[in-house]
Amino acid sequence: MSKFGMAESEQLRKLRLLRYVEEMILHPEVARLSQTLEAMVALLKQHGNEGWAEQIERCRSNIARSDFHGIERLLRLYGGMGSLNDVVLQAGRSAPVEANGRFDALRSSAWEQAQALARGQSSVNGN
């Protein structure tokens with residue numbers, strides 16, 4: 001393996017370890033949402049939807065740092081035309097049923113988890 005490849009591999013290992021440590025110290029519901037979003041990102045990337053994957057990863061990253069802005073941003077992705085609700089995974093010219101079923105379940109779960117966390121934040125703030 002080249003020197004560059006080893007350095008890149010070591011960097012990836014450190015990033016994975018950092019993500020693991022971040023999620024270890026998170027509230028279990030926040031960690032669960034982060035994991036749900038990570039699964040969504042993986043499916044989106046697998047089906048060539050880098051734009052949505054990047055947006056969701058940005059939310060996940062904020063949420064994993066216990067930054068409530070990530071939850072607010074995530075919830076905004078669900079509204080209006082062309083929103084996250086309209087995303088359909090593609091494989092060539094077809095929409096794979098199994099992958100879209102999995103993505104739809106993750107998308108719904110992420111919405112419910114984010115809503116629950118947002119309600120919890122509202123009660124903490126007295127809203």
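A trainee and a mentor talk through this predicted model.

Trainee: What makes this a predicted model, and which residues count for local features?
Mentor: The model is predicted, so local features need pLDDT of at least 70, side-chain atom pairs count only at pLDDT 80 or more, and totals for chains, interfaces and linings use all residues. Residues are numbered from 1 along each chain as its sequence is written, and side-chain values use heavy atoms, with hydrogens and water left out.

Trainee: What is the average pLDDT of the protein?
Mentor: It averages 86, and 82% of the residues score at least 70. pLDDT is the predictor's confidence in each residue, from 0 to 100.

Trainee: Which elements have the lowest and the highest mean pLDDT?
Mentor: Helix α1 (residues 3-24) has the lowest, 63, and α4 the highest, 97. Over residues 123-127, pLDDT stays under 50. For that stretch the model has one contact beyond four places in sequence. Contact means heavy atoms within 4.5 Å. Where pLDDT is low, predicted coordinates should not be read in detail.

Trainee: How many helices and strands are there?
Mentor: Five helices and zero strands. The order from the N terminus is α-α-α-α-α. Both kinds of element are DSSP runs, numbered from the N terminus: helices are H or I with at least four residues, strands E with at least two.

Trainee: How do you know that the length of α3 agrees with its number of residues?
Mentor: The expected span is 1.5 Å times one less than the number of residues. For the 15 residues of α3 that gives 21 Å, and the end C-alpha atoms are 20 Å apart, so the two agree. Just after α3, S66 takes a positive phi of about 60°.

Trainee: Why is Y78 called buried?
Mentor: Buried means under 20% relative accessible area, exposed over 50%, and partly exposed in between, with a 1.4 Å probe and protein chains only. Y78 has 7%, so Y78 is buried.

Trainee: Why does W111 count as partly exposed?
Mentor: Its relative accessibility is 33%, so W111 falls in between those limits.

Trainee: Why is the pair of Y78 and W111 called tilted?
Mentor: Rings of Phe, Tyr and Trp (its six-membered ring) pair if their centres lie within 6.5 Å; planes under 30 degrees apart are stacked, over 60 edge-to-face, and the rest tilted. Here the centres are 5.0 Å apart and the planes make 55°, so the pair is tilted. The structure holds one aromatic pair.

Trainee: What does the pair tie together?
Mentor: Y78 lies in the loop between α4 (69-76) and α5 (97-124), and W111 in helix α5, so the pair ties together parts 33 residues apart in sequence.

Trainee: What makes a set of residues a nonpolar core?
Mentor: The members are buried Ala, Val, Leu, Ile, Met, Phe, Trp, Tyr and Cys residues, joined through side-chain atoms within 4.5 Å. The largest such core here has 30 residues, and L33, M40, L74 and L84 have the most contacts inside it. Its largest share, eight residues, comes from α2.

Trainee: Which residues does L33 touch?
Mentor: Not counting residues up to four places away in sequence, L33 touches I63, I71, L74, A110, Q113, A114 and L117.

Trainee: Where is I71, and is I71 buried or exposed?
Mentor: I71 is in helix α4. Its relative accessible area is 6%, so I71 is buried.
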